[in-house]
Amino acid sequence: MKAIHVLALGSVVALSATGASAQDAAANWSYKDIADALHVIMESDRTVYTRLIVNRLQNEDKVIKASEHWKDDKALVLPAQMFRYGSEMVAEKGAGFSYSLLSEWPINKQNAAKTEVEKAGLAEVGKTGKPYYKEETLAGKKYFTAVYPDKAIAKACVSCHNDHKDTPRRDFKMGDVMGGVVLRLPIK
């Protein structure tokens, strides 16, 4: 949880300019505020990588492809893999929160919803395109869980999912919700 508080304190510097102290502003951040702030960072980084690296180099310039077997293929890491590697590194650093990319139509079965909140969240963001928030208890610990829509933002997203040999769905279009980012914050 320490990292979350550091993020909140660091992020409220801008709020301090309004006359409130950083400590006062951080004290007013809800779990939703923190989850939303973390998601904005994650979504922005993922969008930059997808559009400016993968889509440009693979689909526009045709210099190198992206592949789930990127080491063997000497290719780019897929955006979903990059996201997972970042999540794993955050966990290794003991950041006190977790996040993952899940889908109702996962190519990799490990990316399927497991909890009732994940299932309900994915269904809701698929219908509305808006975030879903809920508290849940897992292994005796209480969490604030947020599910954010993960949309097809580049041609690379659509073609990868529609053309993959293991895909359960082949009709994605630009802008479609393809899954969700599930972010969990422990509640103290």
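The following questions and answers concern a predicted model and ask what lies behind some of the terms used for its helices and one of its loops.

Q: Why is Ala75 called buried?
A: Ala75 has a relative accessibility of 12%, and because buried means under 20%, Ala75 counts as buried. This residue is found in the loop between helix H5 (70-73) and strand E2 (76-77).

Q: What makes up the surroundings of Ala75, leaving aside its neighbours within four places in sequence?
A: Contact requires heavy atoms within 4.5 Å, and on that criterion Ala75 is in contact with Ile64, Lys65, Ala66, Ser67 and Trp70. For Ile64, which lies eleven residues from Ala75 along the chain, the separation of the two C-alpha atoms is 6.2 Å.

Q: How are helices H4 and H6 placed against each other, in angle and in distance between axes?
A: Helix H4 (residues 31-60) packs against helix H6 (residues 79-92) at an angle of about 145°, and their axes are 10 Å apart. The crossing in which H4 passes H6 is right-handed. On the H4 side the contact is made by Met42, Arg46, Tyr49, Thr50 and Val54, and on the H6 side by Pro79, Ala80, Met82 and Phe83.

Q: What classes of residue make the contact of H4 with H6?
A: The contact has seven nonpolar residues, one polar and one charged; Arg counts as charged and Thr as polar, so Arg46 and Thr50 of H4 fill those two classes.

Q: Where does H4 bend, and what backbone feature comes just after this helix?
A: H4 bends by about 35° at Val54, a residue that also takes part in the contact with H6, and just after H4 a positive phi of about 50° is found at Lys62.

Note on methods: Residues numbered from 1 in each chain as written. Predicted model: local features only at pLDDT ≥ 70, side-chain atom pairs only at ≥ 80, totals over all residues. Heavy atoms only, no water. Axes fitted to C-alpha atoms, helices over the stretch in contact; angles between N-to-C directions. Helix = DSSP H or I, 4+ residues; strand = E, 2+ residues; numbered from the N terminus. Left-handed = near helix turned anticlockwise from the far one by under 90°. Buried < 20%, exposed > 50% of the residue type's maximum accessible area, 1.4 Å probe, protein only. Bend = angle between axes of the 7 residues up to and from the residue.
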